[in-house]
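Dear colleague,

I am passing on to you the structure we spoke about, with the sequence alongside. Please have it open while you read the notes underneath.

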Amino acid sequence: ALFTAIYRLQTEGRYDMTEDFFKLADWYNDEFFKGRNESSLVNTNVNVLNARASNALAVGDTSTALKFYIEAAGIAEEYQKRTGNVIGGSILIQLNVGVMYLKQRNIEQAEKFVRDVLKSLENADRLRQEVLIKSAHETLGDIQVQKGEYDAALENYKIAGGEIRHGIGAILLKKGDLKTAAEIFERTLEMRRSAADRNLKFHLPTAVEAAVMMSEIRRKEARNADSLAFARSSVEGRFSLCFAHLS
């Protein structure tokens, strides 16, 4: 129930109100699990750290998010080595650490964690772990784009699949395939327009990224008026994100 309440507050953007629930979880842990049920104690500690990381990430504080994810990964790994028991979600924690390192442009560390995740998943039930496997391949693709390994990145993006593959669009743009890249980003913007027409929510940062990429594509095509229009659209989207955060 505690983590359900925390998740609800996070989805509503009320991050400042989660702190009391984190303190309550810590108290509950000490009161009922410490010295009695180590598995539950560790699980709750890890879940609190993950939730704290989500809060930090939501407000753009990647350094603090990384600190919490690394602490959670360390607790889960130490417990697993000592007892032989695996903490639920421990592989996801490792992937989160890799993603945070990528956001900080620490490519070497990001790749290490993501490849460790894929190695851990080699013998996993592919059906049960399908989402995690795809996420790991997508993140590895993002890492390889940063390294300029575009063909390897494309292979990982293909494994990851997904309807909105901005990574593939970015690679195609770098390779000069402007037409196919534009098709990918235009599809995102069309989905955004369709959602708005039906008063549905759509992930705004995704649409902002697509507008930025379309501005670059039109600039390369010497369609300057269109490039400027997409650039303005991306700026408007960024303002919307700022106001949504402040409200």
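What follows goes from the overall fold to the cores, two of the helices, a pocket and a few single residues.

Please keep in mind from the start that this is a predicted model. The protein chain has 247 residues, of which 38% are buried, and its secondary structure comes to 12 helices and 0 strands, so that listing the elements from the N terminus gives α after α throughout. Among the contacts in the chain with a separation of 6 or more, 49% join residues that are 24 or more positions apart.

The largest nonpolar core has 32 residues, and the members that touch the most others in it are L95, V97, Y101 and I143. Two or more residues are given to this core by each of α3 (38–58), α4 (62–83), α5 (90–103), α6 (107–120) and α7 (130–146), with α4 supplying the largest share, 8 residues. If residues up to four places away in sequence are not counted, L95 touches V114, V117, L132, S135, A136 and T139. Apart from this core lies another one, of 22 residues, which includes Y157, A170, I171 and I217.

Of the helices that contribute to the largest core, α5 may be a useful one to look at in some detail. Its 14 residues should span 20 Å at 1.5 Å a residue, and the C-alpha atoms at its ends are indeed 20 Å apart, which agrees with that expectation. The buried residues in α5 are S90, I93, L95, N96, V97, G98, M100, Y101 and L102, and they pack against α3, α4, α6 and α7. An α-helix has 3.6 residues a turn, so residues three or four places apart point the same way.

After α5 comes R105, placed in the loop between α5 and α6. R105 has a positive phi of about 65° although it is not a glycine, and it counts as exposed because its relative accessibility is 54%, where the cut-off is over 50%.

The helix α3 has 21 residues and reaches 30 Å from its first C-alpha to its last, close to the 30 Å expected at 1.5 Å a residue. Its buried residues are L41, V42, T44, V46, V48, L49, N50, A51, R52, A53, N55 and A56, a list in which R52 and N55 appear beside residues such as L41 and V46. Just after α3, G60 takes a positive phi, in this case of about 85°.

Turning to open space, the second largest pocket holds about 340 Å³. It is lined by 15 residues, and those closest to its centre are A73, E77, Q80, S90 and Q94. The elements that give two or more residues to this lining are α4, α5 and α6, and the largest share, 7 residues, comes from α4. By class, the lining is made up of 6 nonpolar, 5 polar and 4 charged residues. S90, which is among the buried residues of α5, is thus also one of the residues closest to the centre of this pocket.

Three further residues may be worth finding on the display. H137 lies in helix α7 and is buried, since its relative accessible area of 14% falls under the 20% limit. Leaving aside neighbours within four places in sequence, H137 is in contact with L118, N156, I159 and A160.

S227 lies in helix α12, which covers residues 224–246, and with a relative accessibility of 9% it also counts as buried. With neighbours within four places in sequence left aside, S227 is in contact with S215, R218 and R219. S227 and V212, for their part, are 15 residues apart in sequence and 8.9 Å apart in space, C-alpha to C-alpha.

A222, finally, lies in the loop between α11 (204–220) and α12. A222 is not a glycine, yet its phi is positive, at about 65°, and A222 is exposed, with a relative accessible area of 57%.

With best regards

Terms used
Residues are numbered from 1 along each chain as its sequence is written. This is a predicted model: local features need pLDDT of at least 70, side-chain atom pairs count only at pLDDT 80 or more; totals for chains, interfaces and linings use all residues. Side-chain values use heavy atoms; hydrogens and water are left out. A nonpolar core is a set of buried Ala, Val, Leu, Ile, Met, Phe, Trp, Tyr and Cys residues joined through side-chain atoms within 4.5 Å. Buried means under 20% relative accessible area, exposed over 50%, partly exposed in between (1.4 Å probe, protein chains only). Helices (H or I, at least four residues) and strands (E, at least two) are DSSP runs, numbered from the N terminus. Contact means heavy atoms within 4.5 Å. The expected span of a helix is 1.5 Å times one less than its number of residues. On a 1 Å grid over the protein atoms alone, a cavity is a set of points where a 1.4 Å probe fits but cannot get out, and a pocket is an open set with protein on both sides within 12 Å along at least five of seven lines; lining residues have an atom within 4 Å of a point. Grid points are joined across faces, edges and corners, and a volume is the space filled by probe spheres set on the points. Ala, Val, Leu, Ile, Met, Phe, Trp, Tyr, Cys and Pro count as nonpolar, Asp, Glu, Lys and Arg as charged, and the others, Gly among them, as polar.
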